[in-house]
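The following exercises are meant to be worked through with the coordinates open. Each task is followed by a solution that goes step by step.

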Amino acid sequence: MALTVLRNTLFGLGGRLMVKALAFAFSVWVVRRLGQEAFGHYATALAYVAAFAVLSDWGLAPYLVREIARDRRRGEAMLMDAMALRFLLSLGTIGLILGMAWWHQQPPFLMGGIALAALTLVLYAAQGPLEAALQGIRRLDLVSAAGVLQQLLFVGLGTAALVLGWGFYGLIGASLVGLTAALLLTAWAVRSLGLFHLQRPEWSVWPSLLRVGLPFGLIGLAVNLSYKVDTILLSLWWPAGVVGWYNAAYNLIFSIAMISNAVNVALYPSMASLTDPEALAAVIRRSVGYLWMLSIPFAVGGWMLGDRLIPALYGPSFLPSVPAFRILIGVVPFMFLSEYLGYVILVRNQEWLVARSLILSTTFNIAANLMLIPRYGLMAAAWITLLTEILLVGQYGLLLRLWRGIPMGLLGKPALAAGIMGLTLWAARGLPLPTLLILGAFAYGLALWGLRALGSAEWDLLRGIFRRSPITGEVG
């Protein structure tokens with residue numbers, strides 16, 4: 001099980017690492033090219049679509065992944081119905097998004113950008129279920145290939161659009177072309193593997209799909225709202241430049257979260273296939289430790305170097321992003337853990353508990369943002385984002401009773417190593433930024449080794465990645 005997860009993670013990360021680095025560099029260039037005001041408009045258009053996009057999915061994608069991982073034939077039978085149902089839901093969601101933007105009295109040029117970005121929902125009506133089928137059978141190499149193609153086209157065409165002066169409309173158009181190409185590749189892969197056959201939708205099963213997808217849909221809606229409602233509210237009370245400053249900092253957080261997402265996408269179908277509770281508990285304990293070990297140095301290093309990193313990436317006009325970034329970087333460890341722990345509860349068929357936790361934390365997020373953003377702007381948004389993630393992880397920890405099964409050393413040693421790294425960076429703060437980044441990584445790794453945070457089990461696991469052996473409790 002652990003080797004399958006690591007191999008899938010390596011496919012998810014390794015297959016996309018170079019293109020993600022290219023995409024990150026492109027996103028930095030986009031911010032610099034557009035400037036804070038135009039980038040604020042672009043971020044606002046995407047936020048409206050992302051906040052409500054899950055209504056076009058209704059939670060069917062994660063449900064399909066789980067069901068196909070457990071019973072391939074049963075899952076395959078649902079694909080055509082899921083695609084047809086999602087198409088109709090996407091049309092309704094587009095109407096809702098445009099109605100919401102009109103009610104907020106967004107200017108016409110921004111309404112056009114929102115409408116163009118909303119077209120992605122129609123494409124995802126097919127892409128989402130097909131990608132879920134590949135994830136369910138753990139063909140993350142094919143999912144990765146489609147993602148690579150999409151990113152390459154987006155970067156290439158987006159660069160041309162900005163050079164030609166097409167602004168953020170051109171960026172959204174490039175995104176649509178990249179998504180279309182990824183859809184075609186995914187459809188070919190699914191057909192080649194015999195996972196999908198054209199057939200008439202069975203309308204009679206739609207009510208049951210809506211019913212089983214509802215908790216997953218509520219989960220997705222709560223997550224998207226908690227991540228995007230702050231941008232929407234900032235656009236209503238503050239200038240576009242402030243929205244740009246906030247999202248420039250936030251984009252760095254989501255770039256780091258790519259690591260967590262690759263790990264969790266690999267873990268979810270593998271955990272869903274486990275039948276042995278003890279094996280699942282062992283995976284949970286080790287995974288929480290690994291995610292914490294990966295994430296805590298980003299939080300400490302980002303806080304220490306934020307005032308150097310932001311102007312180096314985006315230019316001096318984005319210096320007002322620094323205070324918000326130093327708060328938002330603290331979200332990273334909790335974001336790594338919250339996504340994973342949510343998946344843990346899902347594989348236990350307790351999706352309503354995840355939905356309840358997310359609804360509570362998102363209700364806090366929306367209420368606090370409504371009260372504080374009009375007066376305090378992006379700093380309020382940053383603090384509320386951090387507190388929302390802490391609240392969510394706390395709820396998951398109580399539900400799973402994590403304090404009973406995870407040794408404190410598993411969390412304490414990486415935290416201490418990150419502290420040593422932070423002191424090293426502070427002592428060497430006069431050095432150039434690239435040197436500090438390398439020095440920080442070296443200091444953290446050396447501190448982990450000195451504290452013996454990596455035990456023999458971890459080294460054996462790494463040595464055995466490509467020598468696959470069955471793990472008790474794994475099926476399929």
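A helix here is a DSSP run of H or I with at least four residues, and helices are numbered from the N terminus. Under that numbering, serine 90 lies in helix α3. The model is predicted, and every value below is computed from it.

**Exercise 1. Describe the overall make-up of the protein: how many helices and strands does the secondary structure come to, and what percentage of the residues count as buried?**

Solution. Begin with the secondary structure, which comes to 16 helices and zero strands. Next take burial: of the 476 residues of the protein, 54% count as buried. Then turn to the surface, where the protein exposes about 20700 Å², with carbon and sulfur atoms supplying 70% of that area. Finally consider the contacts with a separation of 6 or more, of which 86% are accounted for by residues 24 or more positions apart.

**Exercise 2. Compare the expected and actual spans of helices α6 and α7, and examine what follows each of them.**

Solution. The expected span is 1.5 Å times one less than the number of residues. For α6, residues 140-163, the 24 residues should therefore span 34 Å, and the end C-alpha atoms are indeed 34 Å apart, which agrees. For α7, residues 167-192, the 26 residues should span 38 Å, and the 39 Å between the end C-alpha atoms agrees with this. After α6 comes glycine 165, with a positive phi near 85°; just after α7, glycine 194 takes a positive phi of about 70°. As for burial within α6, its buried residues include Leu140, Val143, Gly147, Gln151, Phe154, Gly158 and Leu162.

**Exercise 3. Two glutamines, 105 and 106, lie in the loop between α3 and α4; establish for each whether the residue is buried or exposed.**

Solution. The cut-offs needed are under 20% relative accessible area for buried and over 50% for exposed. Glutamine 105 has a relative accessible area of 71%, so this residue is exposed. Glutamine 106, at 11%, is therefore buried. The backbone of glutamine 105 also deserves attention, since its phi is positive, about 60°, although the residue is not a glycine. As background, most residues other than glycine have a negative phi. For glutamine 106, the next step is to list the surroundings: setting aside residues up to four places away in sequence, glutamine 106 touches Thr44, Tyr48, Ala101, Met111, Ser235 and Leu236. With one of these, serine 235, there is a polar contact between side chains at 3.3 Å.

**Exercise 4. Characterise the aromatic pair formed by tyrosine 246 and tyrosine 250, and place this pair among the ring arrangements of the protein.**

Solution. The count comes to eight aromatic pairs. In the pair of tyrosine 246 and tyrosine 250, the ring centres are 5.4 Å apart and the planes make an angle of 70°, so with edge-to-face assigned to angles over 60 degrees, the pair is edge-to-face. The sequence positions come next: because the two tyrosines are four residues apart in helix α9 (residues 240-272), they are separated by about one helical turn. Both tyrosine 246 and tyrosine 250 are buried. Elsewhere, ring pairs link Phe39, Tyr42, Phe168 and Tyr169 into a cluster. Charges over rings complete the survey: the charged end of arginine 429 sits over the ring of tryptophan 426, 4.4 Å from its centre, and arginine 326 lies over the face of tryptophan 303, at 5.3 Å from the ring centre.

**Exercise 5. Examine the surroundings of serine 90, alanine 38 and glycine 241, each of which lies in a helix.**

Solution. Serine 90 has a relative accessible area of 0% and is therefore buried; leaving out residues up to four places away in sequence, serine 90 touches Ser56, Leu121 and Val122. Alanine 38 is placed in helix α1, residues 2-52, and at 22% relative accessibility counts as partly exposed. The C-alpha atoms of alanine 38 and glycine 244 are 7.6 Å apart in space, with their positions 206 residues apart in sequence. Glycine 241, found in helix α9, counts as buried at 12% relative accessibility. Apart from neighbours within four places in sequence, glycine 241 is in contact with Gln36 and Glu37. A separation of 10.0 Å holds between the C-alpha atoms of glycine 241 and serine 317, which are 76 residues apart along the chain.

Terms used. Residues are numbered from 1 along each chain as its sequence is written. This is a predicted model: local features need pLDDT of at least 70, side-chain atom pairs count only at pLDDT 80 or more; totals for chains, interfaces and linings use all residues. Side-chain values use heavy atoms; hydrogens and water are left out. Buried means under 20% relative accessible area, exposed over 50%, partly exposed in between (1.4 Å probe, protein chains only). Contact means heavy atoms within 4.5 Å. Accessible areas come from the Shrake-Rupley method with a 1.4 Å probe; for residues, only the protein chains shown count as cover. Rings of Phe, Tyr and Trp (its six-membered ring) pair if their centres lie within 6.5 Å; planes under 30 degrees apart count as stacked, over 60 as edge-to-face and the rest as tilted. A charge sits over a ring if NZ of Lys or CZ of Arg is within 6 Å of the ring centre and within 35 degrees of the ring normal. A polar contact is a pair of N or O atoms within 3.5 Å; within protein, one must be able to donate a hydrogen and the other to accept it, and residues adjacent in sequence count only if both atoms are side-chain atoms.
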